[in-house]
Each structure stands twice: as C-alpha cells, then as structure tokens.
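Please look through the sequence and the model shown here before reading on. The paragraphs after them are meant to be read with the structure open beside the text.

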Amino acid sequence: MESVRELGINLNHWYVVARSNEVTTTPYSVTLWKQPIVLYRQENGEICALEDRCPHRFVKLSSGNVSGNTLECAYHGWRFNREGKCVAVPYLNEKQKLPPCQLRQYPVQEGDGFIWLFLGERDRAPKVPRFTVPEWDHLNYIATVSIIETQAHYSYLIENLMDMYHGHLHQDWQAWTDAKLDKIDETEEEVHGYYQAQSYYRINRIWSISQLFFPQLRQLHPEPLTVSYCYPHWFSTLGEDFKIYCLFSPVNETSTRAYLIHFTSLNAFWRLHKLPIWFRRGLKNALFGSAQKLLDGLVRQDVEMIEQEQQAFLENPHQRGYEFNPVLGSVQRLIRKQALSNS
Ligand code: FES
Ligand SMILES: [Fe+2]
C-alpha cells in the first residue's frame with residue numbers, strides 16, 4: 001500500500017490560494033498541487049484564476065499585466081479574457097484569425113479574507129460548500145495570520161496540528177500544556193479530537209491581551225482543547241477564548257503552504273459590544289496581528305520538526321515509528337479515503 005506521505009489530495013474541495021489583499025490588478029502566481037495558476041483582479045474588482053502558461057511560447061502569464069478586463073502576456077502582448085480565450089494579438093493582419101486557444105480556467109471565490117480555488121471537476125464546484133471562517137469579519141474577534149511554508153507533505157502538518165501532545169515543543173511559548181485525549185469522533189469527511197489541557201492565558205479583563213507580553217500575568221488553568229480536521233482544512237478551540245484555523249494549500253508531495261489564523265475572542269466584554277460599530281471595527285483592525293510573535297514562533301518550531309520528519313521519510317521510506325495517539329490513525333484514514341476518492 002502506498003505510504004500516506006506519497007498520497008495526493010482530493011481535488012474536489014475549495015483550497016485557499018491567497019489572502020484577499022494579495023490579489024490585485026498585478027498578476028499573482030501560485031502553485032496548487034503542481035498546477036501553476038495566475039490570479040488577478042480585473043479592473044472591475046472581480047477575481048480570475050487561469051492556467052499560468054501562455055499558449056504562444058509557454059511563458060508565465062503572471063509575468064504580464066492586467067489591461068482592462070484582460071490579462072496581457074509580457075512577451076508579445078497577446079491578451080486573454082477571464083474565460084481563458086485569446087481576444088487580441090497586437091500584430092495580427094486582416095487575413096489572420098485569432099488562435100482558438102483555451103487556457104484552463106478555475107472556479108474561484110473570495111470570502112472570509114481569502115481567495116478559494118476549486119481544482120477538481122468544474123461542474124462539481126457549485127455543489128461543494130467551501131470551509132468558512134466566520135470570525136474573520138466578526139467584530140468580537142482579533143485576528144493574527146501566519147504563513148506556513150514547509151518542505152513537507154501536507155500529512156505531516158495536519159498530524160502536527162491534530163496531535164496535541166506536542167505542547168512539549170512549545171514550552172517556551174506557553175501555548176498550552178498537559179494535554180490528555182478524551183475522545184475521537186470520526187466521520188467520512190472529518191476527524192475531531194477532544195482533549196483536556198492547561199491553558200496559560202485567560203481573556204477576562206480588557207487588559208488580558210498584555211498577557212501576550214508579560215508572562216508573569218499568565219496563570220495555568222484547565223480548558224477543553226478540541227482539534228478538528230474538516231478535510232482539507234483544520235480548526236481548533238482552546239476554551240472560550242481562542243480559536244485557530246489552518247487553511248491548507250498543498251503545493252506537491254514535499255511542499256505545503258498554509259495560512260494559520262489565530263483569533264482572540266472579546267466575547268467576555270459585553271460593555272464593549274455596546275460601543276458604536278465604527279469604534280469596534282477600529283479596535284479590531286488596530287489589534288490585528290497582536291499575537292504575531294507567538295504565532296510565528298510556534299510555526300517556526302513546528303516547521304523544523306515537520307521537515308525533519310519528511311527528510312527521515314525520504315531517507316528511509318519503510319521505517320515505522322511508535323505512536324500512542326490514536327488521533328493520528330484517524331487522520332491517516334481520512335487522508336487516504338479522500339485522496340483515493342479522485343481516482
Ligand atoms: S509568449 Fe505570450 S504572447 Fe508570446
Ligand atoms: Fe505546534
């Protein structure tokens with residue numbers, strides 16, 4: 001049986017390819033599961049996603065630019081519309097016709113601060129709901145985003161996120177400690193792990209955010225810690241105060257991009273909720289990124305471990321480790337089921 005580290009992805013899901021503000025009228029190139037894709041915003045604000053390959057000489061269309069509502073190749077200036085048809089060749093004479101080329105066009109949508117793309121069969125896209133991040137626009141949540149770029153198969157990243165026994169690695173950052181697994185729920189599309197853990201932070205005062213900067217203010221207390229693999233993305237809550245998402249963008253078998261989003265809840269401050277919307281929006285925006293150092297620090301430590309796992313696999317693909325956490329077995333079953341549902 002093929003190793004989980006060599007499996008593909010289920011293409012029939014919405015994957016994240018960029019943050020909303022990364023896609024402008026300057027073409028933006030991404031690779032999602034080995035497919036080079038150019039994203040751009042037409043001058044009317046609409047997002048487009050096309051194969052990143054000019055059919056003339058096969059250079060990258062992302063080296064070109066947006067002209068009106070078309071994408072113009074850098075080399076000879078052929079222009080393409082959002083459906084991927086060539087609509088202009090600047091040096092065509094009256095007797096020559098436009099080439100009947102057709103670039104692959106991907107279903108794409110914008111929501112919850114991100115650009116989501118469907119790699120699979122086009123007709124299925126409207127029937128597959130995309131994963132949502134309702135806290136993104138909610139005024140009671142302060143967001144921080146960290147980008148994960150790791151030279152490892154996506155299974156190593158999701159296993160890291162589902163195995164809460166690795167609090168050990170992050171001791172210096174005091175994210176959580178003493179996790180104990182209570183229960184696993186496993187369905188066709190999801191795995192949920194329910195742990196009990198100790199949390200260092202408690203958001204019950206308006207100045208609680210200063211715990212991020214002053215360790216003396218932190219106090220260990222028990223909180224439920226849940227982790228959910230809602231294929232292909234991930235979601236976690238620690239007590240009432242924290243939610244974390246990881247939106248996956250697998251590049252190939254040995255490279256994964258993902259966006260980690262940390263939310264601190266202000267739900268406990270009911271007085272705050274009576275303030276005018278413009279003020280609350282201003283506060284949310286002003287506090288954006290307040291957990292940046294913590295989040296980036298955690299990501300760096302995880303990435304180092306994940307890449308060592310990948311290297312060890314490449315050097316010796318048949319060696320098996322010892323595992324005590326049954327969540328990892330559930331995660332691997334889900335990955336396998338999903339990956340094979342394409343073929
Ligand atoms: S290579 Fe794109 S127009 Fe010639
Ligand atoms: Fe971690």
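What follows moves from the domains to the sheets and then to the helices.

This is a predicted model, in which local features need pLDDT of at least 70 and side-chain atom pairs count only at pLDDT 80 or more, while totals for chains, interfaces and linings use all residues. Residues are numbered from 1 along each chain as its sequence is written, and chains are lettered from A and ligands numbered from 1 in the order in which they are written.

The domain assignment of the chain gives domain 1 at 20-127 and domain 2 at 134-340, with bounds that come from an automatic or database domain assignment. The centres of these two domains, taken over C-alpha atoms, are separated by 34 Å. Seven residues of domain 1 are in contact with six residues of domain 2, where contact means that the C-beta atoms of two residues, placed from the backbone, lie within 7 Å.

From the UniProt record, an unreviewed entry, comes the feature "domain: Rieske" at residues 14-117; UniProt positions are given in the numbering used here, feature names are shortened, and annotations may be inferred rather than shown by experiment. Over residues 14-117 the chain is 0% helix and 40% strand, and the C-alpha atoms at the two ends are 5 Å apart. Helices (H or I, at least four residues) and strands (E, at least two) are DSSP runs, numbered from the N terminus.

An open sheet of three strands has the order 1-10-9, with antiparallel pairing; two strands are said to pair if DSSP finds at least two bridges between them. Strand 1 (14-19) and strand 9 (108-111) stand at the edges with a single partner strand each, so one side of each is left without a neighbour in the sheet. From one strand to the next the twist averages 30°, where axes are lines fitted to C-alpha atoms, for helices over the stretch in contact, and angles run from 0 to 180 degrees between N-to-C directions. Strand 1 is joined to strand 10 (residues 114-118) by five bridges, and Y15 has L117 of strand 10 as its bridge partner.

A second open sheet can now be followed. Seven strands form it in the order 11-17-16-15-14-13-12, again with antiparallel pairing. Its edges are strand 11 and strand 12 (176-186), each with a single partner strand, so one side of each is left without a neighbour in the sheet. Here the twist averages 15° from one strand to the next.

Beginning at the strand 11 edge, strand 11 pairs with strand 17 over 10 bridges, and I142 stands opposite T264 in strand 17. Strand 17 (residues 255-265) is in turn joined to strand 16 by 10 bridges; among the facing residues are P250 and T256, as well as I244 and its bridge partner H262. Strand 16 passes into strand 17 by a hairpin through two residues.

On its other side, strand 16 (residues 242-252) pairs with strand 15 (residues 233-238) over five bridges, with L238 and F242 as bridge partners. These two strands also form a hairpin, with three residues between them, and G239 in the turn has a positive phi of about 60°. Towards the opposite edge, strand 12 pairs with strand 13 (residues 190-199) over eight bridges, and the bridge partner of I184 in strand 13 is G193.

How many residues of strand 16 are buried? Nine of its 11 residues are, where a residue is buried if 20 or more other C-beta atoms lie within 10 Å of its own, exposed if 12 or fewer, and partly exposed in between, with C-beta atoms placed from the backbone. Nine of the 11 residues of strand 17 are buried, so that strand is largely enclosed by the rest of the structure.

Helix 1 lies across several strands, including strand 11, strand 16 and strand 17, and runs at about 155° to strand 14 (221-230). Helix 3 (residues 292-315) has 24 residues and reaches 34 Å from its first C-alpha to its last, close to the 34 Å expected at 1.5 Å a residue, the expected span being 1.5 Å times one less than the number of residues. Its buried residues are L295, D302, I306, Q310 and F313. The buried residues of helix 3 pack against strand 11 (141-150), helix 1 (154-162) and strand 17.
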